[in-house]
Amino acid sequence: MHRKAPLVVVGDALLDRDLTGTAERLAPDAPVPVVADCAHRLRPGGAALTAYLAARDGREVTLITGLGDDPASEELRQLLAPELKLIELPLTGALSEKTRVMAQGSPVVRLDRGTGRVREATDAAREALCSASAVLVSDYGRGAADALRNVLAERPPLVWDPHPRGGPPVPGTRLVSPARAEARTFAAAAVDQERHGNALRDAALDAAELVRHWRVAAVAVTLGANGALLSYGENPLLVPASAAHHGDSCGAGDRFAATAAGLLADGALVAEAVEGAVAAATEFVGAGGAGGVTHTDAAPAATADATDARDLVTRVRATGGTVVAAGGCFDLLHAGHVGLLQAARRLGDCLVVCVNSDASVRRRKGDGRPVNALADRVRVLNALACVDAVAVFDEDTPERLLAGLRPHIWVKGGDYSGADLPEAALLEEWGGQAVLLPYLDGRSSTAIVARAREGAR
């Protein structure tokens with residue numbers, strides 16, 4: 001298999017938090033919603049999210065960013081350490097944090113704190129940039145790109161993801177990826193040119209102006225659900241999104257930049273990279289945006305995974321969607337499993353997979369099982385496009401977990417009969433339905449293990 005090219009990300013890291021709950025009443029002392037039963041989620045933000053997503057693509061990633069001695073910086077270090085290499089720049093002040101309070105899947109308020117800025121570059125950062133084969137700049141205007149601008153100017157990056165508080169990209173950058181409003185702001189600052197209210201034409205004019213003004217090879221203006229407009233200075237290429245998702249778009253620009261830079265690093269043409277980035281950003285929003293990003297899967301625990309699943313279920317229910325859950329050991333993931341999960345996902349708007357812990361598998365399957373430990377099984381399941389969340393249970397059956405999730409539909413493989421589904425009666429308590437879906441004939445983990453043992457003799 002072709003090895004993905006390594007990537008160096010330069011930019012300003014943030015720490016993002018989501019407090020997700022439900023709002024069903026107003027406070028008695030003020031006309032504001034009361035958000036109850038909040039679940040707390042922590043994730044990388046800004047350049048840290050971009051680097052994190054690139055690393056999750058299976059790429060070796062180095063992040064050059066400002067971090068300090070404050071608690072938020074330490075929390076971010078712990079999130080990033082298992083995924084990528086960090087080169088820290090000294091920070092003046094505390095790391096910037098963004099906290100969103102969400103109710104029924106929609107933001108109620110955002111709380112910002114921390115005004116830290118990068119103080120200066122370091123020799124380690126300069127050396128990493130000078131030796132890098134591919135560089136992505138994610139400039140949130142907190143000093144990282146400015147501190148290293150001289151080095152970046154000598155070796156222009158593949159992608160520059162600009163933000164209004166940051167400076168312009170260095171000349172020679174291969175692709176710049178502003179959002180629509182950002183492109184309008186940057187172009188208006190560059191030249192006083194009248195626009196006519198035709199959104200697509202105005203975006204094309206802005207992109208062409210920015211190619212000339214910034215002296216870069218190409219500008220891709222991201223248009224949300226409409227995809228992206230790629231300009232080399234004239235005759236733009238519109239790359240449409242394959243689907244329109246109306247979910248949480250937070251982080252979509254970071255997903256776009258990470259994908260585009262990775263594809264360019266692997267040798268793709270600019271147009272190919274933009275097409276791939278639009279597809280990745282579209283899928284990202286459909287999967288819940290930044291709110292769907294899990295911060296670790298190195299050692300999944302039932303409580304953490306169940307929390308992620310409950311957050312997803314809350315969002316889907318809030319929009320009137322159908323929640324589907326499926327369960328099993330999934331020890332050796334095979335075509336029968338994949339077919340079952342794909343069919344289950346088509347029954348609703350999200351799919352939560354409830355997977356047996358290692359101890360639960362041993363009780364069901366005997367010594368020598370599972371073949372694959374829980375962390376590996378969860379990671380493989382999470383990699384499937386049809387799986388939206390994974391939750392772990394330690395009991396022999398997932399009844400306690402299901403009682404917390406309360407899915408509309410519960411799916412099991414067709415090698416069970418109605419008598420083997422104790423969960424069916426539980427689903428009836430809240431009006432849910434248990435269904436069986438057929439496996440592909442002859443596919444099972446037990447059969448695969450048996451054939452492997454026979455072949456080893």
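These legends describe close-up views of a predicted protein model.

**Figure 1. The whole protein: 16 helices and 19 strands.**
Start with the full chain. The protein has 457 residues, and 51% of them count as buried. Its accessible surface comes to about 20,600 Å². Carbon and sulfur atoms hold 51% of that surface. Now look at contacts between residues at least 6 apart in sequence. Of these, 65% join residues at least 24 apart.

**Figure 2. Helix α1, residues 47-56.**
How many of the ten residues of α1 are buried? Nine are, so the helix is largely enclosed by the rest of the structure. The buried residues are Ala-47, Ala-48, Leu-49, Thr-50, Ala-51, Tyr-52, Leu-53, Ala-54 and Ala-55. Follow the chain just past the helix. There, Gly-58 takes a positive phi of about 90 degrees.

**Figure 3. The loop between β8 and α3, seen at Glu-120 and Ala-121.**
This loop runs between β8 (117-118) and α3 (123-130). Glu-120 is found in it, and so is Ala-121. Is Ala-121 buried or exposed? Ala-121 has a relative accessibility of 13% and counts as buried, because the cut-off for buried is under 20%. Glu-120, at 43%, counts as partly exposed.

Next, see what each residue touches, leaving aside neighbours within four places in sequence. Ala-121 is in contact with Leu-89, Arg-126, Ala-147 and Leu-148. Glu-120 is in contact with Leu-89, Pro-90 and Ala-147. Leu-89 and Ala-147 appear in both lists.

Two distances complete the view. Ala-121 and Ile-64 are 57 residues apart in sequence, yet their C-alpha atoms are 9.7 Å apart. Glu-120 and Asp-146 are 26 residues apart along the chain, with 8.9 Å between their C-alpha atoms.

**Figure 4. Helices α8 and α9 crossing.**
Helix α8 covers residues 252-265, and helix α9 covers residues 270-286. Their axes come within 8 Å. They cross at roughly 145 degrees. The crossing is right-handed. Which residues of α8 make the contact? They are Ala-252, Arg-255, Phe-256, Thr-259, Ala-260, Leu-263 and Leu-264. On the α9 side, the contact residues include Val-270, Glu-272, Ala-273, Val-274 and Gly-276. Further along α9, Ala-277, Val-278, Ala-280, Ala-281, Phe-284 and Val-285 also take part. By class, the contact has 14 nonpolar, two polar and two charged residues.

**Figure 5. Positive phi at Asn-235 and Phe-330.**
Some background comes first. Most residues other than glycine have a negative phi. Asn-235 has a positive phi, near 45 degrees. Asn-235 lies in the loop between β13 (228-231) and β14 (237-239). Phe-330 also has a positive phi, near 50 degrees. Phe-330 lies in the loop between β15 (323-328) and α11 (335-345).

Compare how each residue is covered. Asn-235 has a relative accessibility of 67%, so it counts as exposed; the cut-off is over 50%. Phe-330 has a relative accessible area of 4%, so it is buried.

**Figure 6. Leu-347, in the loop between α11 and β16.**
Strand β16 covers residues 350-356. Leu-347 sits in the loop between α11 and this strand. Its relative accessibility is 39%, so Leu-347 counts as partly exposed. What does Leu-347 touch, not counting residues up to four places away in sequence? It touches Thr-322, Val-324, Ile-409, Val-411, Val-435 and Leu-437. Leu-347 and His-408 are 61 residues apart in sequence. Their C-alpha atoms are 10.0 Å apart.

**Figure 7. Two buried cysteines, Cys-350 and Cys-354.**
Cys-350 has a relative accessible area of 1%, so it is buried. Cys-354 is at 0% relative accessibility and also counts as buried. How many disulfides are there? A disulfide needs a pair of cysteine sulfur atoms within 2.5 Å. By this rule, the count is zero.

How values were computed. Residues are numbered from 1 along each chain as its sequence is written. This is a predicted model: local features need pLDDT of at least 70, side-chain atom pairs count only at pLDDT 80 or more; totals for chains, interfaces and linings use all residues. Side-chain values use heavy atoms; hydrogens and water are left out. Buried means under 20% relative accessible area, exposed over 50%, partly exposed in between (1.4 Å probe, protein chains only). Axes are lines fitted to C-alpha atoms, for helices over the stretch in contact, and angles run from 0 to 180 degrees between N-to-C directions. Helices (H or I, at least four residues) and strands (E, at least two) are DSSP runs, numbered from the N terminus. A crossing is left-handed if the near helix is turned anticlockwise from the far one by less than a right angle, and right-handed if clockwise. Contact means heavy atoms within 4.5 Å. Ala, Val, Leu, Ile, Met, Phe, Trp, Tyr, Cys and Pro count as nonpolar, Asp, Glu, Lys and Arg as charged, and the others, Gly among them, as polar. Accessible areas come from the Shrake-Rupley method with a 1.4 Å probe; for residues, only the protein chains shown count as cover.
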